[in-house]
Amino acid sequence: MPRISLDLLQQFVSAARLGNLSRAAEQANLTVSALSHQIRQLEQRLERRLFDRGPRGVQLTAEGRRLLEAVGHHFEGLDRAMTTYRCRREEALTLSASPGVMSSWLVPRLARLVAAHPELELNLQSSALLVDFERDAVDAAVRYGRGAWDGVESEHLFGEWIAPVASTALLERMRGTDPDDLGAWPLLGDPGNRWRDWFEQFGGTPPRRYVAQFDTTDALQRGALEGMGVALGRMVTARPLVEAGLLHVLGERYMPITEAYYLVYPPRSLEHEGLRIFRDWIRCEAEAYARGLADAAGRRAVAG
């Protein structure tokens, strides 16, 4: 059998996984005709039909499935291995963070980083999904959690505090209601069921039911902005809205939670000069932010 090039096998794997020649051709920067020709060339060399072609795309034959099982994982391994060499220009830095942290905390501060280091080229990726550093060409990420992630370096940046927040419209509607008697207010259920911890910490009578229950922090915060009810706002994302007058903290009580924000990165990023610059910068920003938040909370959270 004549030697088969890796290009032909790679195009086969791409078409097999996508099940669509147009999309596979676009991914490979080829015309559909050129990709079809390469697949037919591979079939001729192997003397086997690899695809059934139909009006809705292509489907693997039994021979095609066997070939994909035999070679597909090798290309996955090559792709993971090459991740180490992507985006390795020292002035280019790819960062990932959740949409809330990206827009509320990171982006408002980045002007200072760019002014101090104009040579940096930032590529910002906003996603609620955790980065897979083995697969994604990302140098570092800001994550929210408890700091225990396998296979990455993890540096604590700052903790998180929560407080009940409400819109101006809701305050007007509930005028005369004691802001410390939260059981008398319409409450919005949060993803972590923090209200239970709140009432255990500060006392009071929890409501029999919530006005609405939310499964994401972003949706919960939006519900509070629209005046649906009182939310337990995470200060990293809620504080800018409080400072803008769009949300108001009820009472003067803040409660720290166990989750915090961390800078995480794979060991391969340790030698990246751009990450070194960013890490030094974000440490300073995080320290200043933590001091300001502690002042805002009045350091009275745990005392009640």
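Student: Which residues line the second largest cavity, and which of them are charged?
Tutor: In this predicted model, the second largest cavity has a volume of about 40 Å³. Its lining holds Asp180, Asp181, Leu182, Gly183, Trp198, Phe199, Gly203, Gly204, Thr205 and Arg253. By class these divide into three nonpolar, four polar and three charged. Asp and Arg count as charged, so the charged ones are Asp180, Asp181 and Arg253.

Student: Trp198 is in that lining. With which residue does Trp198 form a tilted aromatic pair?
Tutor: The structure holds ten aromatic pairs. In one of them the centres are 4.4 Å apart and the planes stand at 50°. Planes from 30 to 60 degrees apart count as tilted, and the partner of Trp198 in this pair is Phe202.

Student: Why are Trp198 and Phe202 separated by about one helical turn?
Tutor: Both residues of the pair are buried. They belong to helix α7, residues 194-202. Trp198 and Phe202 are separated by about one turn because their spacing in that helix is four residues.

Student: Which element gives the most to the lining of the largest cavity?
Tutor: The largest cavity holds about 40 Å³ of space, and the structure has two cavities of 30 Å³ or more. Its lining consists of Val165, Thr217, Leu220, Gln221, Ala231, Leu232, Gly233, Arg234 and Thr237. Two elements, α8 and β9 (231-234), give two or more residues to this lining. With four residues, the one that gives the most is β9.

Student: Which residues lie closest to the centre of the largest pocket?
Tutor: The largest pocket has a volume of about 560 Å³. Its lining divides into 15 nonpolar, seven polar and six charged residues. Elements that give two or more residues to it are β3, α5, β5, α8, β9 and β11. Of the 28 lining residues, the closest to the centre are Ser98, Tyr144, Thr217, Arg234 and Tyr261.

Student: Tyr144 and Tyr261 also take part in a cluster of rings. Which other residues do ring pairs link into this cluster?
Tutor: A pair of aromatic rings is described by the distance of the centres and the angle of the planes. Rings pair if their centres lie within 6.5 Å. Along with Tyr144 and Tyr261, such pairs link Trp105, Phe158 and Tyr289.

Student: Which element gives the most to the largest nonpolar core?
Tutor: This core has 40 residues, and those with the most contacts inside it are Trp105, Leu106, Phe158, Met235, Phe278 and Ile282. Elements that each supply at least two residues include β3 (92-97), α5 (99-116), β6 (153-167) and α10 (273-297). With eight residues, the element that gives the most is α10.

Student: What does Leu106 contact, leaving aside its neighbours within four places in sequence?
Tutor: Leu106 is among the core residues with the most contacts inside it. Apart from this core lies another, of 21 residues, including Leu8 and Phe51. The contacts of Leu106 are Val101, Phe278, Trp281 and Ile282.

Student: Is Leu246 buried, partly exposed or exposed?
Tutor: Leu246 is found in the loop between α9 and β10 (247-249). Not counting residues up to four places away in sequence, Leu246 touches Ala166, Ser167, Thr168, Leu225 and Leu241. Its relative accessible area is 46%. Buried means under 20% and exposed over 50%, so Leu246 is partly exposed.

Notes: Residues are numbered from 1 along each chain as its sequence is written. This is a predicted model: local features need pLDDT of at least 70, side-chain atom pairs count only at pLDDT 80 or more; totals for chains, interfaces and linings use all residues. Side-chain values use heavy atoms; hydrogens and water are left out. A nonpolar core is a set of buried Ala, Val, Leu, Ile, Met, Phe, Trp, Tyr and Cys residues joined through side-chain atoms within 4.5 Å. Buried means under 20% relative accessible area, exposed over 50%, partly exposed in between (1.4 Å probe, protein chains only). Contact means heavy atoms within 4.5 Å. On a 1 Å grid over the protein atoms alone, a cavity is a set of points where a 1.4 Å probe fits but cannot get out, and a pocket is an open set with protein on both sides within 12 Å along at least five of seven lines; lining residues have an atom within 4 Å of a point. Grid points are joined across faces, edges and corners, and a volume is the space filled by probe spheres set on the points. Rings of Phe, Tyr and Trp (its six-membered ring) pair if their centres lie within 6.5 Å; planes under 30 degrees apart count as stacked, over 60 as edge-to-face and the rest as tilted.
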